[in-house]
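Reader: I would like to learn how to read the features of a structure like this one, one at a time, with the general idea before the particular case.

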Amino acid sequence: MDQFVIEGGQRLKGRVEIGGSKNATLPILAATLLAQGPCRIESAPDLEDVTHLTQLLNELGVETQRQGDVLTTNVVTETNSHARYDLVRKMRASICVLGPLVAKRGYARVAMPGGCAIGSRPVDIHLRGLAAMGAKIELVEGDIVASCKKLKGNEIFLGGPFGSTVTGTANVMMAATLAEGTTVIECAACEPEVQDLANFLNEMGAKITGAGGPRVTIEGVEALHGVKHRVIPDRIEAGTFMIAAAITNGEIEMSQVRLDHMMAVVDKLRQIGVVVEKSNGGAVAFCNRRIMATDVTTQPYPGFPTDLQAQLMTLLCLADGNSVITEKIYPDRFLHVAELGRMGANIRKEGPTAIVTGIKNLIGAPVMASDLRASAALVLAGLGADGKTTINRVYHIDRGYEKIECKLNAIGGKIERSDA
Ligand code: EPU
């Protein structure tokens with residue numbers, strides 16, 4: 001299993017390319033199941049999660065090909081509509097094939113995703129949404145079986161105990177494109193990735209309005225055609241590099257950043273003393289002072305994203321004063337706290353809240369990556385720490401960051417990947 005060995009204390013300076021958004025690419029790839037004819041997806045990041053989804057699509061009769069950052073897909077047969085547990089358990093976003101399969105083929109069998117390191121993560125709202133369109137939903141040997149000859153449009157409320165659901169909105173929106181009549185989703189997720197999916201579907205011939213807001217209207221159409229689409233930049237990767245600049249007192253320029261997708265993040269970083277500015281179609285982040293403490297609560301978009309909570313926490317470990325971090329999306333997403341503690345961080349967790357008392361220095365240590373964003377947080381900690389940090393199980397980071405060690409080394413980082 002690969003590990004990273006990081007020599008901390010290097011100031012990062014230079015330019016990095018930000019890739020296409022993982023969380024936009026995954027539902028967009030699932031949506032290609034709906035197409036009659038080939039699709040070309042540009043700026044598709046080369047990540048473990050994307051590879052897993054293409055493998056699943058291959059099993060479902062979709063031919064896929066990658067050339068650089070372009071993925072092409074073409075549905076060649078519709079005989080197998082079973083997403084097996086072996087593939088689904090590797091990546092929860094596999095659930096995104098459920099809506100397209102039942103809408104296009106009338107039948108879907110998708111293994112029920114289990115829990116994961118960041119919490120229980122149920123899919124009940126996805127299922128309620130599809131049932132409201134007439135799908136018969138059963139649980140058979142751990143698999144969700146959804147069937148319906150022709151889905152029917154309906155008014156569907158998709159709110160849950162933690163607000164809207166991103167992939168739930170994606171699933172229902174995709175299914176509704178081929179349903180008979182009009183579907184209105186209330187309490188839809190407003191994330192830019194949902195909007196990118198809606199743009200993709202509209203380019204395929206769907207009739208979706210309102211995506212990016214809480215009410216989305218989808219008028220069903222008879223068929224969708226193949227299309228060419230460029231995925232939006234990854235706002236979480238960009239945010240991670242902004243924090244990398246801050247924690248190393250460095251300066252990082254990033255290509256193709258959509259700052260308009262990152263208002264809460266940029267606002268918070270500016271509040272604590274990080275300079276973030278537009279630059280050449282991208283952005284630049286730098287910091288030459290000690291970070292100030294702050295309070296932050298994760299929320300659905302446009303609030304501060306849970307996917308940057310762990311990374312911001314790492315930075316706040318070195319802030320001047322006490323910070324309070326409250327997790328409103330995944331109350332258990334705090335596995336990084338104990339690992340940061342091994343590096344000297346002073347963090348007290350109380351329910352869904354972490355109280356971080358800023359210290360002067362983190363100290364390098366052997367630590368364990370537990371999930372994707374926690375791994376990114378540990379890489380940042382290693383960069384900002386004194387001495388050597390060894391991060392085990394870095395396969396988690398390969399799920400969502402393309403060649404992160406190469407990108408960081410190119411701007412002054414000292415990270416070695418080795419097979420432990
Ligand atoms: N929820 C339910 N029932 C459902 C669906 C969700 O109770 O049927 C709850 C969840 O347990 C959670 C909240 O609603 O408390 C929001 O979950 P959501 O469904 O929005 O999460 P998701 O769609 O499974 C996506 C991203 C995650 C990101 C979340 C929140 C993708 C592929 N994944 O997950 O990304 O954290 O939205 O923004 O888009 C990551 O990239 O590291 C990652 C985990």
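Author: Let us begin with burial, where a residue is called buried under 20% relative accessible area, exposed over 50% and partly exposed in between, using a 1.4 Å probe and protein chains only. In this predicted model, the buried residues of helix 10 are Q309, A310, Q311, L312, M313, T314, L315 and L316. Helix 10 spans residues 309–316, and 8 of its 8 residues are buried, so the helix is largely enclosed by the rest of the structure.

Reader: What conventions should I keep in mind about numbering, confidence and atoms, and how are helices and strands assigned?

Author: Residues are numbered from 1 along each chain as its sequence is written, and side-chain values use heavy atoms, with hydrogens and water left out. As the model is predicted, local features need pLDDT of at least 70 and side-chain atom pairs count only at pLDDT 80 or more, whereas totals for chains, interfaces and linings use all residues. Helices (H or I, at least four residues) and strands (E, at least two) are DSSP runs, numbered from the N terminus.

Reader: Which residues does Q311 touch, leaving aside its neighbours within four places in sequence?

Author: A contact is counted when heavy atoms lie within 4.5 Å. Q311 is found in helix 10 and counts as buried at 0% relative accessibility. Beyond those sequence neighbours, Q311 is in contact with I236, T240, I243, R373, A376, A377, L380 and Y401. A separate kind of reading is the C-alpha distance: Q311 and H336 are 25 residues apart along the chain, and their C-alpha atoms are separated by 9.4 Å.

Reader: How should V265 be read in the same terms, and is it buried or exposed?

Author: V265 lies in helix 9, residues 263–271, and at 5% relative accessibility it counts as buried. Leaving aside neighbours within four places in sequence, V265 is in contact with F304, P305 and L308. The C-alpha atoms of V265 and A381, 116 residues apart along the chain, are separated by 19 Å.

Reader: Where does K207 lie, and which residues is it in contact with?

Author: K207 belongs to strand 13, residues 207–209, and counts as partly exposed at 46% relative accessibility. Its contacts, again leaving aside neighbours within four places in sequence, are with N202, T217, I218, E219 and V221. Between the C-alpha atoms of K207 and T177, which are 30 residues apart along the chain, the separation is 7.1 Å.

Reader: Turning to the backbone, which peptide bond is cis, and which residues other than glycine have a positive phi?

Author: The peptide bond from Y301 to P302 is cis, with omega near 10°, and P302 lies in the loop between strand 20 (295–297) and helix 10. N249 has a positive phi of about 50° although it is not a glycine; N249 sits in the loop between helix 8 (235–247) and strand 17 (251–254), and at 35% relative accessibility it counts as partly exposed. N280, also not a glycine, has a positive phi near 45°. The loop that holds N280 runs between strand 18 (275–279) and strand 19 (282–286), and N280 is exposed, with a relative accessible area of 67%.

Reader: How do I move from single residues to the fold of the whole chain?

Author: One starts with the inventory of elements, which here comes to 14 helices and 26 strands. The radius of gyration, taken over C-alpha atoms, can then be set against the globule rule, 2.2 Å times the number of residues to the power 0.38. For this chain it is 21 Å, close to the 22 Å that the rule gives for 420 residues, so the chain is as compact as a globular protein of that length. Along the principal axes, the C-alpha atoms fill a box of roughly 65 × 40 × 40 Å. Buried residues make up 58% of the 420 residues, and among contacts between residues at least 6 apart in sequence, 74% join residues at least 24 apart.

Reader: How is the chain divided into domains, and how many residues does each give to the contact?

Author: Domain bounds come from an automatic or database domain assignment, which here yields domain 1 (2–19 + 233–419) and domain 2 (22–230). The C-alpha centres of domain 1 and domain 2 lie 30 Å apart. The contact takes 24 residues from domain 1 and 18 residues from domain 2.
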